[in-house]
Amino acid sequence: MMDDVVLVTGAGGQIGSELVLSLRKIYKNVIASDLKEPTGELKDGGEFIRLDVLYKNGLMDCVKRFNVKQIYHLAAILSATGEKNPEMAWRINMKGLRNILDVCVEAGVKKLFFPSTIAVFGPTTPKINTPQYTITEPNTIYGISKQAGERWCDWYFQKRGLDVRSLRYPGLISYKTKAGGGTTDYAVDIYFEAVEKKQYECFLKEDTTLPMMYMPDAIRATIMLMEAPAEKITVRSGYNVSGISIAPKDVAASIKKIIPDFIVTYNPDFRQTIADSWPQSIDDSVATREWGWKPEFDLEAMTKDMIDNIRAKN
Ligand code: NAD
Ligand code: AKB
């Protein structure tokens, strides 16, 4: 077990609720923090602190009190919720990140993880095999805030010497904690509804292909990047990482192999426009070359694992 004290913000969310458990297998002291009360394994498995990332003093107190050496800054507002409340999304995503960056520098935190997203790309980005370095003209507040966040992270690395590392996650699919207000949430909801109701109304069109990734791959990518030797890391904004590129009709077909009477209907809403502005597939060759990234789950393996685990929960 390693000694560095690790703090995770937004730990009660879809990623944090799984990342904290994986980090606790590697580090002796992982402090989970969130605005909301923790549940289950998050609460029982170690330290939990109520922290609002908008309040720098509270962050600073926590970092000093526990002598925190690494921060995984997950707290944010995602794309769909962000479009409904752009002011709040900008404030939490920007001010929250700036507070964390400053606390890291002022309190001597060694390493920071910042979760970026495919939402930094926009309608003018090449959609197929989107390169690491390309046009980024996002048209959602979420994407704009994450793109600006990437630039701030790179600036803090260049000008303040902070060891910031970041991934541009695709849409993440998982069964432990449901997704929290994104455009790719259908790919989580569809599995729960398939098991529980055998029917699902999808808010994206059936042929909307987007980059996605199963949570075990996302957690592995995160820890691989954070544990990689610093000299291997050339990207301080956000690494492209790829999992599987799928549309709702592909997910539905793979679920039907296990639940043959599953029915999906399509009723696109405002999230369709957001999805249409994002890439369909991602070129992650820089991450592969520099720190060995390779996903393990394909659609069929993920579908089986999702359905087995949701059935076991019910
Ligand atoms: P989530 O919405 O499930 O969780 C976010 C957590 O942040 C919530 O538990 C919420 O209570 C907390 N939070 C919100 N405002 C806060 C504040 N002011 N102070 C402290 N905590 C606050 O999100 P997630 O899916 O776990 O995503 C985590 C990070 O990864 C986000 O930055 C997100 O942009 C990024 N990301 C997620 C995905 C995905 O598909 N899940 C994809 C790309 C990037
Ligand atoms: C969202 O849909 O907002 C997130 C993301 C891809 O960043 N899942």
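**Charged side chains in a predicted model**

Both R168 and E150 are buried, where buried means under 20% relative accessible area, exposed over 50% and partly exposed in between (1.4 Å probe, protein chains only).

Q: Before we go on, what kind of model is this?
A: It's a predicted model, where local features need pLDDT of at least 70, side-chain atom pairs count only at pLDDT 80 or more, and totals for chains, interfaces and linings use all residues. Residues are numbered from 1 along each chain as its sequence is written, chains are lettered from A and ligands numbered from 1 in the order in which they are written, and side-chain values use heavy atoms, with hydrogens and water left out.

Q: OK, back to R168. Which residue does R168 form a salt bridge with?
A: E150, with the closest N and O atoms 2.8 Å apart. The two link distant parts of the chain, 18 residues apart: R168 is in strand β6 (residues 163-169) and E150 in helix α6 (residues 141-160). Helices (H or I, at least four residues) and strands (E, at least two) are DSSP runs, numbered from the N terminus.

Q: What counts as a salt bridge here?
A: A side-chain nitrogen of Lys or Arg within 4 Å of a carboxyl oxygen of Asp or Glu.

Q: And how many salt bridges does that rule give?
A: The count comes to 16.

Q: What does D4 pair with?
A: D4 forms a salt bridge with K110, and their closest N and O atoms are 3.1 Å apart. D4 sits in strand β1 (residues 2-9) and K110 in the loop between α5 (86-107) and β5 (111-117), so the pair ties together parts 106 residues apart in sequence.

Q: Is D4 buried or exposed?
A: Buried, at 18% relative accessible area. K110 is partly exposed, at 46%.

Q: Switching to helix α12. Which two salt-bridge partners lie there?
A: D308 and K304, both in helix α12 (residues 299-313) and 4 residues apart, about one turn of the helix. Their closest N and O atoms are 2.6 Å apart. D308 is partly exposed at 36%, and K304 is partly exposed at 47%. Elsewhere, salt bridges that share partners join D163, R165 and R236 into one network.

Q: Last topic: where is K178?
A: In the loop between β7 (171-173) and α7 (186-196). K178 is partly exposed, with a relative accessible area of 44%, and gathers with K25, K176 and K313 in a patch of positive charge on the surface.

Q: What makes a patch?
A: Residues with over 30% relative accessible area and no salt bridge, with like charges joined within 9 Å and nonpolar side chains (Val, Leu, Ile, Met, Phe, Trp, Tyr) within 5 Å. Lys and Arg count as positive, Asp and Glu as negative.

Key:
Areas by Shrake-Rupley, 256 points an atom, 1.4 Å probe, with all protein chains shown as cover. Charge placed at Lys NZ, Arg CZ, Asp CG, Glu CD.
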